[in-house]
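Thank you all for coming, and please have the sequence and the model open while I talk. I will go through a few selected places slowly, for those who have not looked at this structure before.

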Amino acid sequence: MREVFFMIFSIFTVLAALGVVVSRHAIFSAFSLVLAFFGLAILYLLWGTSFVSMLQILIYTGAIVVLFVFVVMLLDLKKEETLDSAKTGPLVMAGLSVWFFSLLILRALNRATYFKSTNVEAASDIKSISTLLFSKYLWGFEILSVFLLALIVSACVLARAEYMERKADQ
Amino acid sequence: MMEFLLLSMILIPLLGSILNGLLLRSGSPARTGTLASTAAGLSFLAALLLCWNYLSTGQIVNVNFEWLRVGGLNLAWGFRFDAITVLMSLVVTGIGTLIHIFSIGYMDEEPTPYRFFAYLNLFLSAMLILVTGANLPVMFVGWEGVGLCSYLLIGYWYEDIKKADAGMKAFVINRIGDAGFLIGIFMLFQIFGTVDFESMKLIVDGSGSLNVRWLQFAAFFLFVGAMGKSAQIPLFTWLPDAMAGPTPVSALIHAATMVTAGVYLVARMGFLFRVSPDVSHFVATIGCATALFAASIATAQRDIKKILAYSTVSQLGFMFVALGVGAYSVALFHVMTHAFFKALLFLAAGTIIHGLHGEQDVCKMGGLRKHFPVTFITTSIAVAAICGLPPLSGFFSKDAIVFAALTGPYGGPYLWAGLSLASLLTAFYMSRFYFLVFFGEYRGNAHPHEGGWAMKLPLMDLAIGSAVVGFLGMPHGLHVLPNYLDQLLVPTVPGWEEAHAFLTEIQSMVVAVAVALTGIAIAAFFYLPNPARSDKAAPKLLAIDTILKNKYWVDELYEVVFVVPFRFLSGVAARIIDPRVIDAAVLFPSRLARAGGTLLTFIQSGSSQFYLWIMLTGGLLVLWQALKGLIV
Amino acid sequence: MIPASVQILHWSHYVAACLFALGMFGFLIRKNAIVVLMCIELMLNAVNLILVEVSMRSGHPEGLIFVIFIITVAAAEAAVGLGIILNLYRAKGTVNIDAFRELQG
Amino acid sequence: MDLTELSIVSIKTLLIYVAFIQVVPVMIWVERKGAALIQDRPGPNRVGPFGVFQPIADALKFLFKEDPVPKEVNRLLYNLGPFLILLPSSLIIAAIPVGDRVELFGRDILLQVADIDVALLFFLSISSLGVYGILFGGWASNNKYSLLGAMRSSSQVISYEIPIALSAANAVMFYGTFSLRQMVMQQEGVLLGFLPNWGIWFQPIGFLVLFVALFAETNRLPFDLPESEAELVGGYHTEYGSMKFAAFFMAEYINLATASALLVTLFFGGWHVPWLSDSWLLLKLGSQNVVALVQVAMFLAKISVLLCIFVWVRWTVPRFRFDQLMHLAWGNLIPLGLANIIVTAILLYFFEGR
């Protein structure tokens with residue numbers, strides 16, 4: 001059962017990711033991205049990490065990609081479509097080198113001890129994750145929260161630059 | 001606990017300086033001044049506690065932090081509170097606090113008082129580093145710190161180009177002395193392998209195998225440093241010019257504390273000078289010459305602060321004579337008494353200048369005893385003290401110096417005679433100053449008024465000090481009180497055996513008092529009956545009047561001998577050496593790098609995709625190298 | 001049916017490699033800045049998948065913690081990145097990344 | 001997983017879904033009748049007694065209407081829009097526990113499609129997907145009013161997800177679990193002797209925040225800015241007709257039902273009969289299956305009450321302005337929710353174990 005689902009959804013995810021890359025219009029890229037993230041969430045679920053899976057949907061699909069869609073819709077991108085075409089030479093070169101690169105990475109990964117170990121399922125329930133998060137990684141967590149605060153401010157400033165300039169002029 | 005006190009004594013003024021400089025930038029003179037005075041007062045309190053601790057337990061407080069460790073040099077931020085420091089830190093913080101308080105009144109119309117008080121506090125801190133430093137480099141830090149503060153404060157009114165120039169002059173001339181000081185430090189490190197006072201002293205005391213010639217050289221260079229800081233011939237010209245600064249600065253830095261740093265240095269290194277007879281003779285000779293020379297100039301000056309400045313130079317000469325003849329404790333004694341009465345005189349001058357709205361010419365004063373009652377009384381005490389009238393402080397310390405010049409290890413009759421003449425001149429010019437300012441009729445056109453309590457209180461305190469501190473160092477010959485100061489200092493500075501001389505101590509005192517009275521009498525003869533006219537007439541009787549008025553043309557001489565050739569050399573360097581040699585050498589690599597950069601600019605195309613291409617290529621190469629064996 | 005001995009889930013990192021490669025490929029060839037940003041998200045997610053696999057296979061929950069951190073940072077990155085793109089669009093009227101080469105040497 | 005289990009799950013799923021989708025016609029009638037009651041007019045009264053068959057007539061009308069597709073629209077996304085909005089609404093149903101369990105064919109069957117350990121998170125994350133239907137539908141319609149409606153709607157939904165999440169975090173902290181079933185389990189019995197043991201007594205502010213935010217999340221009046229007719233013609237579904245429009249409608253009512261179900265689950269004891277414990281019921285009624293029946297009925301009754309309140313509010317409260325709406329979320333609900341979290345945390349720290 002798990003195996004079948006894994007196969008279906010890994011193929012689904014990869015196809016969706018392909019859709020992100022090859023879609024001519026950014027809105028379809030965004031749509032494919034939603035699908036890809038959804039597929040990933042299901043892969044996480046198959047691994048038994050339901051918490052991470054839900055976070056994936058909640059944050060990635062529910063918030064980040066919505067932002068992308070928003071921006072795509074805000075900007076009038078119709079005329080971008082003609083610009084967005086690559087020449088064959090670089091395309092083939094990029095494909096080859098990326099393929100080679102991932103091959104090498106896979107080699108490296110397969111050498112790592114983690115990937116030689118048999119299936120030792122980690123404690124993936126929320127309790128153990130949060131215990132770890134609030135003890136060993138507390139500082140990381142706190143730094144991240146400060147970082148997020150800075151981010152909120154900077155995003156506001158970036159998004160409202162024009163508005164603020166106007167306000168400063170008055 | 002004591003370590004903490006020692007550190008806080010040094011750091012509290014620094015803290016005050018930082019607070020004033022950073023936080024109270026818009027503060028009124030009263031606010032900034034109160035903060036600065038509080039800092040100084042706390043520092044004084046700490047000094048008192050430390051002093052009490054030292055006197056009751058005899059325990060020397062040491063604080064050490066690692067500073068740098070290079071090869072054989074193991075340098076610490078070492079601070080040390082011993083006998084000399086007891087004396088110096090009390091003088092510095094005590095008189096410093098009084099002058100801080102005085103400044104609140106004196107600077108009451110300043111637009112940027114925070115600057116003044118920040119510098120003043122910084123000076124206090126630097127001076128305390130100087131006197132508590134346990135090794136020469138730490139002392140040098142304080143030494144440069146006080147030099148910096150002196151420069152900043154002389155040029156405090158930097159809008160006036162003359163005052164800014166005076167600051168610059170002080171700084172540059174001090175650099176000459178500092179160069180000597182540094183060379184001295186290097187030589188001492190070469191000789192001893194350490195620069196710590198205690199270690200050096202142990203080596204000098206313990207072994208006779210040291211090369212006296214090199215020691216003498218080192219001592220000589222240290223003395224060059226002292227010459228610069230303490231305004232001895234030939235590096236004295238900056239001190240009179242330094243009077244451009246606010247008067248409290250002149251009182252604190254250029255009379256009471258900083259200029260005595262040279263004396264302190266020589267006294268601290270007394271163990272070294274003790275074994276360097278040639279340098280000691282040199283020191284004494286320079287001191288005696290300076291004392292005479294400056295005193296003679298002071299007799300013809302009309303600027304109230306210039307008179308006091310030359311008087312300071314002259315008094316410093318007295319101290320160096322004491323150092324030169326080997327009577328280190330006596331020199332320090334005079335440092336202390338001089339700090340009191342000279343600070344008092346300067347503050348009195350400050351009160352008068354403040355009350356006359358900036359008038360500094362003594363010929364335009366007169367009759368001020370009616371307008372400045374407190375100043376008049378306190379100044380009378382100070383003048384009597386500096387003239388050497390018993391039983392005021394100046395009498396004991398100056399007499400001790402004069403007597404030491406006769407009987408000290410390196411002393412002799414000619415020094416005694418020189419100092420006696422200088423004492424005569426001192427009594428003359430101080431009385432002249434006194435009579436011109438306070439007697440006769442008022443000759444100016446301002447509305448004289450005395451300052452507030454902030455200015456009066458320090459005057460009174462200093463007057464009391466000037467009157468009584470002399471009893472701490474009562475000469476042995478009188479058998480009235482023990483010589484507390486000698487008892488205090490003997491463990492730290494070399495003592496001395498009085499040589500047999502043609503005068504006993506009592507006889508010497510009688511002679512000194514007679515000399516002082518003679519000086520006063522001459523001044524009274526010339527200036528008391530009709531100050532206005534006599535100042536113009538009397539000195540003109542002497543042919544040397546013009547010479548004295550122009551201060552022996554020393555500044556002009558220096559201008560011709562040093563400044564002009566140096567300017568020429570600088571011009572040559574600026575026009576030829578700098579652009580052709582140094583710039584070329586510096587610019588060549590930069591041009592080379594720029595050329596190489598131009599070749600590689602295509603890499604920075606601005607296109608992030610291109611950057612990713614480069615990253616990808618690099619990643620491929622790295623991975624390929626790492627996994628070569630596995631893939632093929 | 002696949003034999004139970006072959007843990008097909010262990011092929012996750014191949015999926016991740018595919019995602020990463022696609023993301024990188026997209027970054028290299030796409031000209032639309034928004035799509036380029038999406039491709040970065042894809043690469044980040046590929047890393048997340050690997051982390052999940054490592055974590056679950058090695059028994060260390062640390063990987064999951066880092067997934068959470070990465071998700072947070074990615075949210076931040078997307079928000080700021082899109083804000084920048086909006087401003088770039090305001091400045092030039094296009095989001096073609098070839099149009100933004102002001103920083104070239 | 002054998003065939004029996006698979007079939008049980010399938011049947012269970014089908015039953016629960018069908019039951020939830022039945023909310024739609026019922027709600028259409030209740031809404032119309034409720035509006036009529038409040039506006040003092042008869043309302044639908046032609047089709048069947050009291051117009052109860054009106055929803056069927058509506059459905060038939062939708063089915064047989066022409067399905068227009070505007071010119072130059074993005075066909076794929078245009079057609080996907082209604083589907084995308086219906087899908088998450090339906091998916092959420094899976095997480096809702098409608099009753100305890102029944103004993104059939106010698107098995108214990110939970111009356112819940114899936115007992116997910118992170119059910120609350122599941123609820124939040126899937127409901128956040130609903131925004132795509134609105135966004136894509138509005139954008140693909142190639143109509144600026146639709147696009148504006150979509151933008152408004154999505155920013156509204158995203159903004160109000162935060163108070164919902166805060167409120168949910170509160171519930172999680174309070175109950176100590178993410179599982180909705182566990183939360184319901186903890187609300188059994190009597191509190192202080194006279195109150196039903198409901199979460200609302202412990203989390204009144206959390207309830208308030210969640211209640212208000214759910215109105216916005218479901219695009220209901222007073223927060224139906226995305227479809228405010230006066231400003232935007234019809235909002236994001238202006239260009240849709242026939243069953244596609246009906247899909248938007250259905251999604252709204254299913255969302256309403258699931259929102260009510262969430263409120264009931266978190267704050268009103270879920271399937272529990274107020275004041276009565278399960279064991280007491282079992283003792284009196286004798287059979288677990290009967291108990292389950294009573295529980296499901298209780299659950300439906302509670303949902304119905306809440307749905308009525310939703311209708312009531314819709315026809316009595318006027319619409320907000322958009323900036324007021326945003327300010328309500330960012331200025332009032334989120335600070336309130338955060339404060340509530342802090343207070344809850346402090347109280348839990350002192351009374352741990354309750």
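Let me begin with a convention that I need straight away: an angle over 145 degrees between two axes counts as roughly antiparallel, whereas one under 35 degrees counts as roughly parallel. Please also keep in mind that what you see is a predicted model.

With that in hand, let us turn to chain D and a pair of helices there. In general, two packed helices are described by the angle between their axes and by the distance between those axes. The pair I have in mind is helix α8 of chain D, which covers residues 204-217, and helix α13 of chain D, which covers residues 322-350. Their axes come within 9 Å and cross at roughly 150 degrees, and α8(D) and α13(D) are therefore roughly antiparallel to each other. The crossing of α8(D) and α13(D) is, in addition, left-handed.

Which residues of α8(D) and α13(D) meet each other? On the side of α8(D) they are D:Ile205, D:Gly206, D:Val209, D:Val212 and D:Ala213, and on the side of α13(D) they are D:Leu328, D:Leu333, D:Leu336, D:Gly337 and D:Asn340. Sorted by class, this contact of α8(D) with α13(D) has seven nonpolar residues and three polar ones, with no charged residues.

Staying in chain D for a moment, I would like to point out D:Trp275, which sits in the loop between α10 (242-267) and α11 (278-285) of that chain. Its phi is near 70 degrees, a positive value in a residue other than glycine, and at 48% relative accessibility D:Trp275 counts as partly exposed.

Chain B offers a residue with a positive phi as well, namely B:Ala231, where the angle is near 55 degrees and the residue is again something other than glycine. Is B:Ala231 buried or exposed? With a relative accessible area of 0%, B:Ala231 is buried, and its place is in the loop between α8 and α9 of chain B. That loop, between α8 (212-230) and α9 (238-241) of chain B, also holds B:Pro234, and the peptide bond that joins B:Ile233 and B:Pro234 is cis, with omega at about 5 degrees.

Further along chain B we come to B:Phe526, which lies in helix α21, residues 505-527. B:Phe526 is partly exposed, with a relative accessible area of 26%. Although B:Phe526 and B:Arg432 are 94 residues apart along the chain, their C-alpha atoms are separated by 8.4 Å.

Finally, a few words on chains A and C as wholes. Chain A has eight helices and zero strands, and 44% of its 170 residues count as buried. Among the contacts in chain A between residues at least 6 apart in sequence, 54% join residues at least 24 apart. The accessible surface of chain A comes to about 8900 Å², with 72% of that belonging to carbon and sulfur atoms.

How many helices does chain C have? Chain C has three, with zero strands, and buried residues make up 66% of its 105 residues. For contacts in chain C with a separation of 6 or more, residues 24 or more positions apart account for 51%. Chain C exposes about 3500 Å², and carbon and sulfur atoms supply 72% of that area.

Definitions and conventions. Residues are numbered from 1 along each chain as its sequence is written. Chains are lettered from A and ligands numbered from 1 in the order in which they are written. This is a predicted model: local features need pLDDT of at least 70, side-chain atom pairs count only at pLDDT 80 or more; totals for chains, interfaces and linings use all residues. Side-chain values use heavy atoms; hydrogens and water are left out. Axes are lines fitted to C-alpha atoms, for helices over the stretch in contact, and angles run from 0 to 180 degrees between N-to-C directions. Helices (H or I, at least four residues) and strands (E, at least two) are DSSP runs, numbered from the N terminus. Angles under 35 degrees count as roughly parallel, over 145 as roughly antiparallel, 65 to 115 as roughly perpendicular and the rest as oblique. A crossing is left-handed if the near helix is turned anticlockwise from the far one by less than a right angle, and right-handed if clockwise. Contact means heavy atoms within 4.5 Å. Ala, Val, Leu, Ile, Met, Phe, Trp, Tyr, Cys and Pro count as nonpolar, Asp, Glu, Lys and Arg as charged, and the others, Gly among them, as polar. Buried means under 20% relative accessible area, exposed over 50%, partly exposed in between (1.4 Å probe, protein chains only). Accessible areas come from the Shrake-Rupley method with a 1.4 Å probe; for residues, only the protein chains shown count as cover.
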